[in-house]
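Work through the exercises below with the sequence and the model in view. Try each task before reading its solution.

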Amino acid sequence: MKPFLHQVAETFYRNEGDNLQHIAFVFPNRRSGKFFQNYLTQLAGNKPQFSPRIITINSLMTELARMQPIDRIDLIFTLYEEYIKLRQTNESFDHFVSWSEMLIADFDDVDKYMVDARQLFANIKDLKDLEQLYLEPEQIEVIRQFWTSFFLPDADSEKKVEFNSLWSIMYTLYTNIQQRLSNEGVGYEGMIFRKVATLAQRDELPPLASLHCTSHCEKIVFVGFNAITEAERILMQYFRKSGQGDFYWDYYAPTMQYDDLNRANYFIKQNRDQFPSKHTLVGEQVITSAPRMTVLSVSSGIGQVKQAGEILQTLVNEGTINTENAINTAIVLPDEELLMPMIYSIPEDIKDINITMGYSLRNTSVASFFDTVFKLQRHCRWSEGRAMYYHTEVEAILNHRIVRTLVDMRNIEAIIASMNSNNMAYVSSDFLTAHRHPFLQLVFAPIAHDAEAGNYMEDILQYLVDATYDASAEQQDETPMNIRNLEHEYAYHYSNMVSRLNDVIASHEGVSMNTNTYFTLLGKLSLSIPFVGEPLSGLQVMGVLETRALDFDNIIILSMNEGTFPTKSISAGFIPYNLRKGFKMATTEHQDSIYAYYFYRLIARAKRVYMLYDSRTTGLKRGEMSRFVYQLKHHYAHLLPQYKIEEYAVAHDVSIDTVTPISIPKEGGVAQRLRQFLKDSNSPRPLSASSVKTYINCPLQFYLQHVEKMQTDDEISESVDSSAFGSIYHNVMADIYDEMKAGKESVTVTREIIDEVLNREGYIEGKIDEHFNIIFLRRKNKERFIKPTGKNQIVAHTIYLYVVRTLEYDRDMFAPFVYEHSEMRLDGDLFLPLKNGKEVRFKALIDRVDRAMITTPDKNKEERIRIIDYKTGKDEVKCSNLENIFNSPQSSKLGAIFQVLMYCKLYRIKYPANGSDNTPLQPLIYKLRTAFSDLAPTLSIEKTGVNNYDDVKEEYEEMLNKCLEELFDESIPFVQTDNIKHCEHCNFKTICKRQVSGS
């Protein structure tokens, strides 16, 4: 079946072959003109012949108007200047930019549909004014309905006032911008269209001979149009009446011929009646055959492109596609974001690919890089004269593919490691640029003044364009960035966009903007990259608009989802629907009809049509196939029996790896490293109470963390986490009591001493600030200390309340008492003997040791050496029996009891009871979560308070011995815990591949 454009070409070649050089052919887009010209070339064969003029409708309008199109960026600035003059407000340019596109779109439509702007923008408070409009009764009724409802009082009256305020100046703004642009000899697209139509109405158009044809132009032929604007209609009427115009419409699809209700017919019948063709097309006939149609349900966008690649490979294997020139096959992408993955999914057998669609700069790697750069500079804060950047944005830039290709990875990793180790929530530009790589110096250079934003962007882009440029294939391995071609094209177009914006800003000196405004405007001006290539060879990859007037044997359409094809998006504007309808402007019905025509015309002459849609239901996406598919299935299956659809659901083989239990035998190097914890090791390493607690919770975690010494990478914490919270509190308490001791072995702490500390102005707060800087900000230099801000200020105050409460509790419950140590370190020759003869090396860091008089259950006062452990978590202080401490399902919440009893055991090893000092030990937990009810509740085991370690010593140490013997038993491997709850917060759960909540 011959393509429509081939029929038109053959018709004119037969009927006017010797006169083609005097004809101008007008097409909806450049691509259809290229195909038409190719068909003419094929028909002419070896016969020399002058080519006709091939032109698009937009180029024709510009030529006839003798007016240059204005740059869209320049238009926004010009419109803003006129708007400010009228409104006389201080509205920022940044705010104006957010809605300027709607204003431009409205003015564009007003002109293209030849609407009387004075009537449209009139504020019709008196409905009698409607009678003065030269409109049809139906139009007047629609307009009347709008204004009647508009002036009814309701809850949205404030918005109506705002609308009315803008609406009242719309006509004046419209006329002012028209006059200004006209004086400058430029215009936006609608303005150019209107000028041509107005000239046509006045019979003042330049003569047809003025068109740049090969020879004297005598005729103009419009081919392949569908929905035309009123300005286009007036122009066509002008050429029809003069006898110079000819028109050819593609309306042969059976879905349009036999179904008057098909929305694709909305415009086509009227156009055919008004603008008939002078020649009968060669081979003109209603299409009766139907393509073989297949609908594929795929559960992802990437899955669709992969499936499309498989379809192409099948067509290649069948011989349906010529791998040297697959021009008979098209891939249609309603969703342009699938372009890049689609390109990578095309089989290697297909030699040439022609991309006949634009690709938005917004979807490129260069744009994603600059989006991060925008955030970096927007959130920049200044401190002590230095620019400070937010760490997440710094890391995003350093981890971006562009930076990682340009900058040595060792340099990047060194910067990130330094940021993490120093917990830099905000990173200075000095630190980042000190690494001397020129690209990092450009990116992390601070923008001190708003005017510097343009130069900042140009410098980065110039470096990027130079870095991505690849003059030849031989140089590709020498280029700093081995991405070439597309990446260079992206950078080049982005650079042009920035240069244009900077030039426009320079030409509009009266418009001021801050840095944020500059980046906002640049983000809104992301253009579409036109992929320019040879359209007459290779597999065709195109958007929906690029399919106009073209026909292919094999068509693969992706994203056949309702809302994508046809699209739901309608250009937003200030002109309400009722007024649009009343003044015969484009509405949603127009768009529905346009897309219906695109679809049904496209598939009419095809042999194979594959329609793929995303079946996922995520967020606002319902995974619903396009209405066009439903129409084919349920409507045309009865109306046109030849229209049949094959449907398949593509199921991807997603296999979940079977999680194999991990077991590490204690042999070889593992056994050797484990023995380092024993007394006779040549490479001594000590265990701690917390490491044994880890073993009880999960032997495998103990192995990874303490035997193999695997550690998690440092991460930047923006706010004080539980670990830093506890460390700050511990250190502040240690400082306060150590300063009381003043270098002595001990000090008797009285109520008066504690009161003096509590009443010393700013003392506790200063300690908290100091340790906040040392522990959280990891600052050592006191001159660089800063006070906590934001959430951290709240955390610091919480720590202050806990410190004060602890001091008050010590004063009221135990003073006077003898304070001996904080952060008491027990290490060196500290060995815990086991019954099997092994001796385990240990170390300990006890939060606090003091001596106080306590009241025993029988109401006596007795001295105790208190082994105190500060706890800021949810640790329990009551245990139904000691066995639970060593039982994994119970151990996590009883870890504090295990640990403080362990400290008592190790303290007794270091300082055994003797005749001179046999004071009993009391294990005690200061539980901050209950600080304001019971800060130091007595440990309870089997409902009995533990005031003396000796009361539980024998049973506890028996179980501890058993636990340690198991740990060092080389016949028992390290295995995963059976208690999955331990895995939720484990740093090694990805190694185990445990499926836990929150992971």
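**Exercise 1: a surface patch**

Leu639 is partly exposed, with a relative accessible area of 36%. Buried means under 20% relative accessible area, exposed over 50%, and partly exposed in between, using a 1.4 Å probe and protein chains only. This is a predicted model: local features need pLDDT of at least 70, side-chain atom pairs count only at pLDDT 80 or more, and totals for chains, interfaces and linings use all residues. Residues are numbered from 1 along each chain as its sequence is written, and side-chain values use heavy atoms, with hydrogens and water left out.

Task: Place Leu639 in its helix and find the nonpolar patch that it helps to make.

Solution.
- Step 1. Leu639 belongs to helix 26, residues 627-639. Helices (H or I, at least four residues) and strands (E, at least two) are DSSP runs, numbered from the N terminus.
- Step 2. Tyr258, Val286 and Leu639 make a nonpolar surface patch of about 250 Å². Patch residues have over 30% relative accessible area and no salt bridge; like charges are joined within 9 Å, nonpolar side chains (Val, Leu, Ile, Met, Phe, Trp, Tyr) within 5 Å.

**Exercise 2: salt bridges across the chain**

Task: Which parts of the chain does the Glu16 and Lys219 pair tie together?

Solution.
- Step 1. Recall the principle. Side chains of opposite charge can pair when their charged atoms come close.
- Step 2. Apply the cut-off. A salt bridge is a side-chain nitrogen of Lys or Arg within 4 Å of a carboxyl oxygen of Asp or Glu. The structure holds 48 of them.
- Step 3. Check the pair. The closest N and O atoms of Glu16 and Lys219 are 2.7 Å apart.
- Step 4. Locate the partners. Glu16 lies in helix 1 (residues 4-16) and Lys219 in strand 5 (residues 219-223), so the pair ties together parts that are 203 residues apart in sequence.
- Step 5. Check burial. Glu16 is buried at 11% relative accessible area. Lys219 is also buried, at 15%.

Task: Do the same for Arg580 and Asp106.

Solution.
- Step 1. Their closest N and O atoms are 3.3 Å apart, and they form a salt bridge.
- Step 2. Arg580 sits in helix 24 (residues 577-582) and Asp106 in helix 5 (residues 93-112), so this pair links parts 474 residues apart in sequence.
- Step 3. Both Arg580 and Asp106 are buried.

Task: Now take Lys905 and Glu957.

Solution.
- Step 1. The closest N and O atoms of this salt bridge are 3.2 Å apart.
- Step 2. Lys905 is in helix 35 (residues 895-910) and Glu957 in helix 37 (residues 950-967), so the pair ties together parts 52 residues apart in sequence.
- Step 3. Lys905 is buried at 14% relative accessibility. Glu957 is buried at 17%.

**Exercise 3: a loop residue**

Task: Is Pro857 buried or exposed?

Solution.
- Step 1. Pro857 is in the loop between strand 24 (844-855) and strand 25 (861-871).
- Step 2. Pro857 counts as exposed, at 70% relative accessibility.
- Step 3. Asn947 is 90 residues from Pro857 along the chain, and their C-alpha atoms are separated by 8.8 Å.

**Exercise 4: the whole chain**

Task: How many helices and strands does the protein chain have, and what percentage of its residues is buried?

Solution.
- Step 1. The chain has 38 helices and 30 strands.
- Step 2. Of its 999 residues, 53% are buried.

Notes. Areas by Shrake-Rupley, 256 points an atom, 1.4 Å probe, with all protein chains shown as cover.
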